[in-house]
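Here is a friendly walk through one protein model, written for someone who likes cut-offs stated plainly. Have a look at the structure first, and then read on.

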Amino acid sequence: MARSRALTRSVAYLSTFALGGALLGALFGHAALGLAIGLLCWSAIHLWQLQGLERFLLSRQRRVPEGIGSWRPIFDALDRRRKRERVRRQRLFVALKAFRDAARVLPDGVIVLDQEQRILWFNKAAKRLLGLRYPRDMGNPIHHLVRMPRFMQWLAEGKLDEPLIDLPCPVDESLRLSFRLIGFRAGIRLLVARDISTLMRLEQVRRDFVANVSHELRTPLTVINGYLEALEPEELGDYGDLFLEMRKQSRRMASIVEDLLTLSRLEAQSAPLDEAVSMASMLDSLRRDAEAISKGRHRLEFHRSCEADLRGSSKDLHSAFANIVVNAVRYTPDGGNIVVEWSTHPEGAAFSVRDTGPGIPEQHLPRLTERFYRVSTSRSRDSGGTGLGLAIVKHVLVAHGGRLEIESKVGHGSCFRCVLPQARLALEGD
């Protein structure tokens, strides 16, 4: 509709100038000359309006020129668009200012980095936690200002999915920090530094509490177990079954306490021992343990295709491997197969246990290494598990630079694989 009106108005103006010029020329006997002069005047007005539009666009003046004739709706449309753009820019400015104000008052340090790890912007918390100064540090690489080896290595690897936890604050060593990299846009990343000192203190309180309670429970449980083992159920008549249940639950409580103490010890140690661990002896010991628990109810196979031994804590590694083997025996039905193998792996070597048990639903796999996490409460209670075995396995492997891989499918069994790095391998006899 607007276009048709503009076209109609242009035709009307053109007709007016043409007819007016022709009539004026006819009065003097030169109608054609008058027509030409009218058209020339009409063209001159258009050129003058175009020049005004060019000056407006190039000078970015705020006031839109007044349009004449058919140019009026064009300049009016430009004026309306200019006003809309001004409102939009104002809204964007307000939103950007609100975002920056919010980022400035965040308790976490936020640093904007380019692809060369140079600082583009940072908030007040980054000044407090990392000692950055404005404008002195703008444009400097962050690893030139925060010179901690673990931080520099983590930053160079660019791991967006793995936070860096428990680093000392470069400004105040009593504070502990965690770092996380967040992809913002192409070539731009956000580095977020968080003060986790309170969380670390609470975690230490929790560890101390668990360790102290476990130590306090160990002595009375040892005494109770001693008396229960000394008694014979046949001597108690009708209470024999109750006595056997008491003995079973007492042993289970003692096992939980021992596992809690093991976890506390693993969390407290800074690094595992660096001693030679014979895998031949380890597999023989695990075989005896598995045969004692299975009592001939399963087909057990032990294979060793990797000739290398390990270096680390023999006690901790045996505890981790034994937990996996014992779990396989406990949860595999009678007549099932259990295959234990020490083999080479692209990253070093792997200790794997494969069974033909009921399998584990996929949604449970990420949480299996959590303390006391159970896929089925009744099944764990029947098998005598404490819910701490895989947590111990994870701690031992992490301390040795390894990891736990779990593959399972309901109805087809499970495979638990402990992957150890090349740095932990040693030639047999070393």
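## A residue and its distant partners

Once its neighbours within four places in sequence are set aside, Thr-369 is in contact with Leu-390, Ala-391, Lys-394 and Leu-404, where contact means heavy atoms within 4.5 Å. This is a predicted model, in which local features need pLDDT of at least 70 and side-chain atom pairs count only at pLDDT 80 or more, while totals for chains, interfaces and linings use all residues. Residues are numbered from 1 along each chain as its sequence is written, and side-chain values use heavy atoms, with hydrogens and water left out.

Where does Thr-369 lie? Its place is the loop between strand S10 (348-355) and helix H11 (377-383); helices (H or I, at least four residues) and strands (E, at least two) are DSSP runs, numbered from the N terminus. Thr-369 counts as buried because its relative accessible area is 18%; buried means under 20%, exposed over 50%, and partly exposed in between, with a 1.4 Å probe and protein chains only.

## The chain as a whole

The chain holds 12 helices and 13 strands. Of its 430 residues, 37% count as buried. Among contacts with a separation of 6 or more, 56% are between residues 24 or more positions apart. The accessible surface comes to about 26,200 Å², and 58% of that belongs to carbon and sulfur atoms; these areas come from the Shrake-Rupley method with a 1.4 Å probe, and for residues only the protein chains shown count as cover.

## A nonpolar patch

Phe-209, Val-213 and Leu-217 make a nonpolar surface patch of about 270 Å². Patch residues have over 30% relative accessible area and no salt bridge, and nonpolar side chains (Val, Leu, Ile, Met, Phe, Trp, Tyr) are joined within 5 Å, like charges within 9 Å. A salt bridge is a side-chain nitrogen of Lys or Arg within 4 Å of a carboxyl oxygen of Asp or Glu. Val-213 lies in helix H7 (residues 197-230) and is partly exposed, with a relative accessible area of 33%.

## Backbone details

Two residues that are not glycine have a positive phi, as the table shows.

| Residue | Phi | Place | Relative accessible area |
|---|---|---|---|
| Gln-117 | about 65° | loop between strand S1 (109-113) and strand S2 (119-122) | 14%, buried |
| Asp-166 | about 65° | strand S3 (residues 164-168) | 25%, partly exposed |

The peptide bond from Tyr-134 to Pro-135 is cis, with omega near 0°. Pro-135 sits in the loop between helix H4 (124-130) and helix H5 (142-145).
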